[in-house]
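Take a look at the fold below. Turn it slowly, then follow the text from the whole chain down to single side chains.

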Amino acid sequence: MTQNTDYLSDLAPWSEDQAQRIAVAEGVSIDIAHIEILLVARSFFSTYGFSPSMRPLCKSVTEHLGVEKGRSLYLDRKSTRLNSSHLV
């Protein structure tokens, strides 16, 4: 399921519980707002095959969750200490 980098090598087995476990192991607290963003980013990855940079992430979050959550300032606050191992 993971490679040497500890990133998931397959999208299918990911779960919200797994994201929570990874976050706890890394000393990060995540809430439902983080999970919403992770789900949007996973959808982007599933569609395009790569993790989005900030501009495409903002656009995708705006499309799925609304303008307020799609703003880069909101995403910056929510993405603090999250990394791609939480996404895929």
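Of the 88 residues in the protein, 34% are buried. Keep in mind that this is a predicted model. The protein exposes about 5500 Å². Carbon and sulfur atoms supply 52% of that exposed area.

Now trace the chain. The protein has five helices and zero strands. Its pattern along the sequence is therefore simply α-α-α-α-α. Residues that are far apart in sequence still meet. Among contacts with a separation of 6 or more, 52% join residues 24 or more positions apart.

Start with helix 1, which spans residues 16-25. Which of its residues are buried? They are Q18, A19, I22 and A23. These four cover an arc of only 140 degrees around the axis, so they sit on the same side of helix 1. The spacing follows a general rule. An α-helix has 3.6 residues a turn, so residues three or four places apart point the same way.

What does the other face of helix 1 carry? Turned away from the buried side are the exposed residues D17, R21, V24 and A25. And what do the buried residues pack against? Their partner is helix 2, residues 32-48. After helix 1 comes G27. The phi angle of G27 is positive, near 75 degrees.

Next, look inside. In soluble globular proteins, nonpolar side chains tend to be buried together. Here the largest nonpolar core has nine residues. They are A33, I37, V40, A41, L57, C58, V61, Y74 and L75. Three helices each supply at least two residues of this core: helix 2, helix 3 (54-65) and helix 5 (72-79). Which helix gives the most? Helix 2 does, with four residues.

Pick out V40, one of the residues in this core. Leave aside residues up to four places away in sequence. V40 then touches S60, V61, H64 and L65. Apart from the largest core lies another core, of seven residues. W14, I30, I35 and L38 are among them.

Charged side chains come next. Side chains of opposite charge can pair when their charged atoms come close. How many salt bridges does the structure hold? It holds two. In one, the side chains of K69 and E36 meet, at 2.7 Å from N to O. This pair links distant parts of the chain. K69 is in helix 4 (residues 67-70), while E36 is in helix 2, and the two are 33 residues apart.

Are these two partners buried or exposed? K69 has 25% relative accessibility, so K69 counts as partly exposed. E36, at 24%, is also partly exposed. The cut-off explains the label: buried means under 20%, and exposed means over 50%.

A salt bridge also joins the side chains of R71 and E68, at 3.8 Å from N to O. R71 has 46% relative accessibility, so R71 counts as partly exposed.

Now find the rings. The whole structure has three aromatic pairs. F44 and F50 form an edge-to-face pair. Their centres are 5.6 Å apart, with 80 degrees between the planes. The rings of Y48 and F50 have centres 6.3 Å apart and planes at 45 degrees, so this pair is tilted. Together, ring pairs link F44, Y48 and F50 into a cluster.

How does accessibility vary across this cluster? F44 counts as buried because its relative accessibility is 9%. F50 is partly exposed, because its relative accessible area is 45%. Y48 counts as exposed, because its relative accessibility is 52%.

Finish with S43, which lies in helix 2. S43 is partly exposed, with a relative accessible area of 34%. Now find L11. S43 and L11 are 32 residues apart along the chain. Yet their C-alpha atoms are separated by 9.9 Å.

Step back once more and look at helix 2. The buried residues of helix 1 pack against helix 2. Helix 2 gives the most to the largest core. And E36, in helix 2, pairs with K69 of helix 4.

Note on methods
Residues are numbered from 1 along each chain as its sequence is written. This is a predicted model: local features need pLDDT of at least 70, side-chain atom pairs count only at pLDDT 80 or more; totals for chains, interfaces and linings use all residues. Side-chain values use heavy atoms; hydrogens and water are left out. Buried means under 20% relative accessible area, exposed over 50%, partly exposed in between (1.4 Å probe, protein chains only). The arc is that of the directions from the helix axis to the C-beta atoms. Contact means heavy atoms within 4.5 Å. A nonpolar core is a set of buried Ala, Val, Leu, Ile, Met, Phe, Trp, Tyr and Cys residues joined through side-chain atoms within 4.5 Å. A salt bridge is a side-chain nitrogen of Lys or Arg within 4 Å of a carboxyl oxygen of Asp or Glu. Rings of Phe, Tyr and Trp (its six-membered ring) pair if their centres lie within 6.5 Å; planes under 30 degrees apart count as stacked, over 60 as edge-to-face and the rest as tilted. Accessible areas come from the Shrake-Rupley method with a 1.4 Å probe; for residues, only the protein chains shown count as cover.
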